[in-house]
Amino acid sequence: MALLQITEPGMSTAPHQHRLAVGIDLGTTNSLVASVRSGIAATLPDVQGRHILPSVVRYVSATDIHVGDLALEAATHDPLNTIASVKRLMGRGVADIKGLGKHLPYEFAEGISGMPRIRTVAGERSPVEVSAEILKHLKQRAEATLGGELVGAVVTVPAYFDDAQRQATKDAARLAGLNVLRLLNEPTAAAVAYGLDKNATGVFAIYDFGGGTFDISILRLNRGVFEVLATAGDTALGGDDLDHAIAYWMMDQAGISGDADRAALRRLARDARAAKEALSEQERVTVEVIRPDVTVWRGVLTRDQLYPLIDALIDQTLVPCRRALRDAHIPLTEIKEIVMVGGSTRMPRVREKVAQFFGRAPLTDIDPDKVVALGAAIQADILAGNKPDADMLLLDVIPLSLGIEIMGGMVEKIIPRNSTIPIAKAQEFTTFKDGQTAIAIHVLQGERELVADCRSLARFELRGIPPMVAGAGRIRVTFQVDADGLLSVSAHEQTSGAQASIVVQPSYGLTDREIEQMLRDSLVYAKDDSVARALREKQVDADRADVAVAAALAADGAALLSPAERGAIERSLQELRAARTGSDGERIKRALDALDMSTRDFAARRMDAGIRQALAGHRLEEFK
Amino acid sequence: MQTGRKEFELGRNYFELFELPLTFDIDSADLSARYRDLQRRFHPDRYVNAPDQDRRLSLQMTAFINEAYQTLNDPLARGRYILGLHGMGTDEETDTVMDPGFLVEQMELREHLEDARRAPDAAPRLAQLAQDMMRRLATATEELGHRLNEDSASSRLRARSIVREMQFLRKVLQEIEELELPA
């Protein structure tokens with residue numbers, strides 16, 4: 001099919017129409033939505049002019065849901081129904097949450113798939129559903145501001161997010177009715193926003209210290225190509241932890257112990273954060289704690305007193321920095337600039353420590369709260385097809401190794417961390433019993449050698465292997481990680497050629513059934529006429545395929561196809577055009593599938609021809 | 001693990017993909033430039049609005065390009081791959097015949113590593129050992145190149161043992177690096 005023409009991403013039924021796309025920074029503390037308008041990326045404010053949406057959702061009743069500032073205001077008096085920092089729970093299991101338990105004032109119930117659910121007045125809610133509320137809110141804001149339906153969104157995730165956390169984020173976007181153009185790593189988005197692509201060449205470090213996560217990425221830039229060399233981080237370390245350290249100090253000073261009630265803890269955390277933020281501007285700040293007996297402790301916190309409370313936490317961020325540099329095989333001296341991202345990098349102490357570590361002052365010109373959303377918006381604009389000439393390309397990596405369980409509870413790595421994505425690796429398994437018809441595979445993510453120390457992603461069962469003697473059945477399993485960093489697995493039996501079926505049990509993610517149910521329950525979809533929507537989508541697909549195949553035939557049909565092959569493709573195309581004029585979505589789908597089949601070889605040949613063309617344009621001086 | 005070859009029926013080996021002659025000597029800057037050109041053309045970001053089939057192919061194609069680049073860009077992986085193209089596997093598990101001299105050396109190296117990490121001055125000793133590993137890897141890489149370029153069965157046999165030796169040296173180096181990091 002039109003492999004080469006289609007690289008002009010503007011290809012659509014209306015090629016010159018500006019397609020509305022946004023970048024969304026779904027943060028632990030705050031979220032933002034941004035879009036490129038008239039060539040300039042800007043964050044979109046709400047009607048009151050506020051750009052930042054606190055990532056807080058409050059379930060007031062089964063039908064009334066507050067998101068943002070309104071929810072945040074209620075956090076202290078309705079803590080059980082007000083969910084903040086939900087990003088920390090994304091893709092996590094019930095056991096993981098226990099570690100965070102002392103900071104979290106919610107009540108948990110266990111879901112079908114081991115995913116935690118929070119008890120609220122609106123019933124049990126999973127972190128995915130809570131995140132979807134934030135995304136829905138931003139989607140509505142964007143559509144109201146931009147005046148039309150979005151074709152898609154780029155949603156950012158911490159570079160160090162594992163597969164389960166990425167999948168949960170994508171599920172949340174799906175649930176919010178967003179078409180995800182790409183999951184983009186936050187540090188990479190920041191690099192794009194800094195316009196590093198324009199003329200920069202060299203190696204850059206992106207230090208991203210947000211509300212709940214820390215990430216470091218080492219990127220090499222070369223003529224518009226952003227190549228992530230290594231990434232490292234800590235998904236459970238952020239500004240929230242600094243707040244808690246300050247809150248514990250305040251409690252200690254006030255002479256109260258950890259048994260404060262939930263509302264009091266919320267208030268303390270809020271006051272601690274305010275004190276932390278104030279200390280970024282001034283040397284000292286007055287703080288107070290209302291004790292359970294309603295007496296008040298009042299005191300002063302100075303910068304000098306603050307540092308011992310937070311220094312150890314800041315130093316923890318330097319460990320991943322060292323690891324990322326080592327994995328990238330880059331000496332410290334080769335780093336050209338350090339880009340600062342995330343609210344926590346506003347703190348002078350953080351900047352000081354980073355400057356000390358890298359031996360140079362970091363870049364801080366773009367608002368660290370907005371930089372990720374702005375970069376995502378630029379990428380969304382390109383992916384939506386509004387900038388056909390853009391030569392920017394982002395090559396990202398998988399942050400943690402993927403492996404499978406082998407004998408003795410050990411993990412064998414299949415895809416090592418910091419491999420550029422997309423990537424695919426195949427592994428062969430043999431049957432070890434006569435007549436064995438199934439094999440169980442346990443997929444894990446992490447760097448440690450023992451299964452117990454890695455993160456369980458999914459268990460697969462390969463079934464339908466034809467019965468053979470032990471060792472004769474050879475099953476080739478392909479692990480593929482796509483450009484969003486998401487894993488998929490396929491398998492077939494080598495000797496007989498039989499396709500083994502895979503039954504997936506995600507360890508922490510939602511099962512397909514759960515997603516289906518949520519989609520059904522979701523208001524966004526209930527309002528839509530899903531049949532009409534499906535038909536519209538099929539028609540758009542048909543138009544796109546029509547244009548693409550016709551262009552491919554015109555360009556390469558004569559050179560790459562025999563008359564018979566060409567005839568077959570043309571017949572499929574005629575059938576598609578006929579189906580397109582009707583209103584039978586199923587018929588269009590069948591025609592598309594048939595066209596897909598008949599153009600398979602053609603597409604592969606054009607792909608091969610494309611390689612020659614890609615390399616033909618080489619000038620020797622480029623290599624210098 | 002060498003599984004990428006013939007993965008997709010695109011009918012070429014890694015050298016053919018990059019349109020490079022099948023030799024061990026590779027100009028890394030040239031390879032990277034070719035890599036970027038192929039990525040610019042085939043990356044899934046270029047196919048976001050394309051039909052499903054093109055998107056699938058783009059995904060497979062870039063996965064193949066990435067695997068090829070990572071293999072050719074690393075001397076050890078490249079050497080192993082060239083031997084594979086000559087029908088010579090380097091998998092230790094299926095072939096346990098090893099040079100006895102090297103086996104002794106392996107054991108000695110392991111002991112050095114153990115001694116160093118237990119020593120009171122562990123950090124500088126580990127750093128020294130790492131330096132030593134890197135020097136030996138550089139020498140081995142050079143010899144590997146010579147052997148592979150000689151293009152005879154006997155030099156390929158020698159090349160295979162160099163690859164195994166490099167594999168071991170690299171593993172030790174990796175262990176040292178993990179040790180040096182504060183948990």
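This is a short dialogue on reading a chain contact and a few backbone features in a predicted model.

User: Let's start with the contact. How many residues does each chain bring to it?

Analyst: Residues count as being in contact when their C-beta atoms lie within 7 Å. Here, chain B contributes 40 residues and chain A contributes 48.

User: Which elements of chain B give two or more residues to the side that touches chain A?

Analyst: Those are helix H2 (28–42) and helix H3 (52–72) of chain B. The largest share, 11 residues, comes from H3(B).

User: And what is the make-up of that side by class?

Analyst: The side of chain B that touches chain A has 16 nonpolar, 15 charged and 9 polar residues.

User: Now the backbone. Where is there a cis peptide bond?

Analyst: Look at omega: it is about 0° for the bond joining Ile421(A) and Pro422(A), which is cis. Pro422(A) sits in the loop between strand E21 (410–415) and strand E22 (423–430) of chain A.

User: Which residue in the loop between E21 and E22 of chain A has a positive phi although it is not a glycine?

Analyst: That is Asn418(A), with a phi of about 65°.

User: Is Asn418(A) buried or exposed?

Analyst: A residue needs 20 or more other C-beta atoms within 10 Å to be buried, and 12 or fewer to be exposed. Asn418(A) has 18, so it is partly exposed.

User: What about Glu19(B)?

Analyst: Glu19(B) is not a glycine either, yet its phi is positive, about 55°. You will find Glu19(B) in the loop between helix H1 (14–17) and H2 of chain B. It has 15 C-beta neighbours inside 10 Å, so Glu19(B) counts as partly exposed.

Conventions. Residues are numbered from 1 along each chain as its sequence is written. Chains are lettered from A and ligands numbered from 1 in the order in which they are written. This is a predicted model: local features need pLDDT of at least 70, side-chain atom pairs count only at pLDDT 80 or more; totals for chains, interfaces and linings use all residues. Two residues are in contact if their C-beta atoms, placed from the backbone, lie within 7 Å. Helices (H or I, at least four residues) and strands (E, at least two) are DSSP runs, numbered from the N terminus. Ala, Val, Leu, Ile, Met, Phe, Trp, Tyr, Cys and Pro count as nonpolar, Asp, Glu, Lys and Arg as charged, and the others, Gly among them, as polar.
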